[in-house]
Structure formats: structure tokens, C-alpha cells
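Please open the model in a viewer and keep the sequence panel at hand. The tour below proposes a series of selections and describes what each one shows.

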Amino acid sequence: MSTNKGPLDLFYRDCLRVGSLKCFAHFHLYLKGREELVVTVFKGEQSPLQAGFRAIDRGSYASQFPPASPASNELDVHNPEVTVFLIGAYAKYNWPYVWLRSLIPGSTVEDMDSPLDVQATQDWLQKELRVWHIIEELVMVNVRPQPVNPFAISFESLLEMPPLERALQAGALASFLKDLLMQNTRYAPSIEQDFAQCLDIHFKEMAVVMPLVPGRSVAPPASLMAKPS
């Protein structure tokens, strides 16, 4: 078996990683498989009715544009409070694209079938962008007023999780936010605050759910697995 990795290999690993993260304040992620990541952006009070992107002009190259999963497969296509996007990185095309998956004013069937003109996907290979750069653009273009930090954490949602799930999710979020900070992101001050709070939650909860005696395997009590009332 060949060990050569294609240009999408890192992209797939990024999707697998961020697709398991929850409790973002401005968007929700759903990993549909190796090649597809659904991004549901929560609209702000002043958000535009349109999705903020236009479909790529196909011109005479319509046959070169990749198909995506049918829009009818997404659950929130009719929800006016969100805008749903599909990030698809199909091996056949060796490039990530974004499709609109919400039926909103001004959108047409062609808009749903054609990839959107998203700058982060155009610059993906040249600037060595990651999947979270695409998510960042989707949030910043569609949420009004623009958030101070597109990757802000909803700690209210995090604290509603059962203790064990909360501890693991807080640790995973802290790891992701750490990587953002190492990339010299312009949202560093806000991300640093969320990073510190995620770490604090992770270590406090792990001290509760982990066995107190080293080497002793103890199943956590049912009360720890239940959601708080």
C-alpha cells in the first residue's frame, strides 16, 4: 500500500478533530463522514437575510464543479434562525468546497447545487489554510454584529453536560484553542480567556470523575453521568 498522502489528508484529519467539538457560541458542527462537515451558523439579530456568499460562476465549466450531498438531507434547511453550510472535500476533486444548505430569501436551486465563492477555499492550498479558517469566514460573513471571537465557547452549554462528558469536552476544546493561539490569531485575547476557563473546568471535573486510588478501576457513579437538574 502506498504511503503517499494527498493534499487533503491533513484537511480530513482536521475535520475529524473539529467535527467532534461542541459548545461553540456561534456555530455547531456535524461530521457526516470523512469528506463532509456540516456547519450550522447561528444568526445574530442584525444578520443579513442572504448567506453572504454568491455561487461560483460556472461559465462554460459547469461539468467541472463537484456535486454534494442533497440539501434535503440537512435538518435545518428551513430554520430561519440559522444558516447551514456543507464543507465538502471530495477526493475526486482534491479540493475543499462550500455549499449553501439553507433555503433563504434570494437563494435559488443553482445556489444550492453550486459551490460558493468562499475566499478561504480559494486560498486553501497556497496559504496552507485549515478547515477552521473556512469556518471562521462563514461565521464572520454571516453573523451580525460580527463577533469579537468567532470561536467563542458557550460555557452555559458546556456546564449543562454530564460531568464526565463536560470534562472530556472541555479538554478537547482547550487543546483546539491552544492550537489557535499558537497560530498568532487576531482573536487571541478572547481565546486566551476561553482557553483558561476550559482548562479550569477540565481539571476540576477530572478530579471528580477519575478514581482517587491510582491503579484502581472504578466506574463513576450514575449521579456523575446524569445531566444536572
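Begin with helix H7: its 22 residues reach 31 Å from the first C-alpha to the last, close to the 32 Å expected at 1.5 Å a residue. As with everything on this tour, the helix belongs to a predicted model.

**The two sides of H7**

Within H7, select Ala-188, Ser-190, Ile-191, Asp-194, Cys-198, Ile-201, His-202, Glu-205, Met-206 and Val-209, which are buried. Turn the view until it runs down the helix axis: these buried residues fall within an arc of 150 degrees, so they line one face of H7. An α-helix has 3.6 residues a turn, so residues three or four places apart point the same way. Next, colour Pro-189, Gln-193, Phe-203, Lys-204 and Ala-207, the exposed residues carried by the face of H7 turned away from its buried side.

Stay on the buried side and pick Glu-205, which lies in H7 (residues 188-209). Is Glu-205 buried or exposed? Its relative accessibility is 16%, so it counts as buried, the cut-off being under 20%. Apart from residues up to four places away in sequence, Glu-205 touches Pro-163, Arg-166 and Ala-167.

**The whole chain**

Now zoom out and display the cartoon. The protein has 8 helices and 4 strands, and from the N terminus on its elements run α-β-β-β-β-α-α-α-α-α-α-α. Of its 229 residues, 45% count as buried. Among contacts with a separation of 6 or more, 67% are between residues 24 or more positions apart.

**Strand E3 and its partners**

Select strand E3 (residues 82-90), where 9 of the 9 residues are buried. In a regular strand the side chains alternate between the two faces of the sheet. Show the side chains of E3 to see both faces covered: Val-82, Val-84, Leu-86, Gly-88 and Tyr-90 are buried on one side, and Thr-83, Phe-85, Ile-87 and Ala-89 on the other.

Add strand E2 (residues 36-42), which pairs with E3 in the antiparallel sense over 7 bridges. A place to check this pairing is Thr-40, which stands opposite Val-84 in E3. Then add strand E4 (residues 95-100); E3 and E4 also pair in the antiparallel sense, over 6 bridges. Here Phe-85 has Leu-100 in E4 as its bridge partner. Follow the hairpin of E3 and E4 through the 4 residues between the strands, and stop at Asn-94, which takes a positive phi near 60 degrees.

**The nonpolar cores**

Which residues have the most contacts inside the largest nonpolar core? They are Ile-87 and Ile-135, in a core of 47 residues. Helix H4 (residues 131-142) supplies the largest share of this core, 7 residues. A second, separate core has 7 residues, including Val-38, Val-82, Val-84 and Trp-99. In soluble globular proteins, nonpolar side chains tend to be buried together.

Centre the view on Ile-87 and show its surroundings. Leaving aside neighbours within four places in sequence, the contacts of Ile-87 include Phe-11, Leu-37, Val-39, Tyr-97, Val-131, Ile-134, Ile-135 and Leu-138, as well as Glu-35 and Glu-36.

**Helix H4**

Select H4 next. Of its 12 residues, 10 are buried, so H4 is largely enclosed by the rest of the structure. The buried residues of H4 include Trp-132, Glu-136, Glu-137, Met-140 and Asn-142. At 1.5 Å a residue H4 should span 16 Å, and its end C-alpha atoms are 17 Å apart, which agrees.

**Aromatic pairs**

Finally, display the aromatic rings; the whole structure has 9 aromatic pairs. Phe-27 and Phe-151 form an edge-to-face pair, 6.1 Å centre to centre with 85 degrees between the planes. This pair links distant parts of the chain: Phe-27 lies in strand E1 (residues 27-31) and Phe-151 in the loop between H4 and helix H5 (155-159), 124 residues apart. Phe-27 is buried at 2% relative accessibility, and Phe-151 is buried at 3%.

Move on to Trp-132 and Phe-176, an edge-to-face pair at 5.5 Å centre to centre and 75 degrees between the planes. Trp-132 is in helix H4 and Phe-176 in helix H6 (residues 163-182), 44 residues apart. Trp-132 is buried at 2% relative accessibility, and Phe-176 is buried with a relative accessible area of 2%. To end the tour, select Phe-24, Phe-27, Trp-132, Phe-151 and Phe-176 together: ring pairs link them into a cluster.

Key: Residues numbered from 1 in each chain as written. Predicted model: local features only at pLDDT ≥ 70, side-chain atom pairs only at ≥ 80, totals over all residues. Heavy atoms only, no water. Core = buried A, V, L, I, M, F, W, Y, C linked by side-chain atoms within 4.5 Å. Buried < 20%, exposed > 50% of the residue type's maximum accessible area, 1.4 Å probe, protein only. Helix = DSSP H or I, 4+ residues; strand = E, 2+ residues; numbered from the N terminus. Contact = heavy atoms within 4.5 Å. Phe/Tyr/Trp six-rings, centres within 6.5 Å; stacked < 30°, edge-to-face > 60°. Expected span 1.5 Å × (residues − 1). Arc of directions from axis to C-beta. Pairing = 2+ DSSP bridges.
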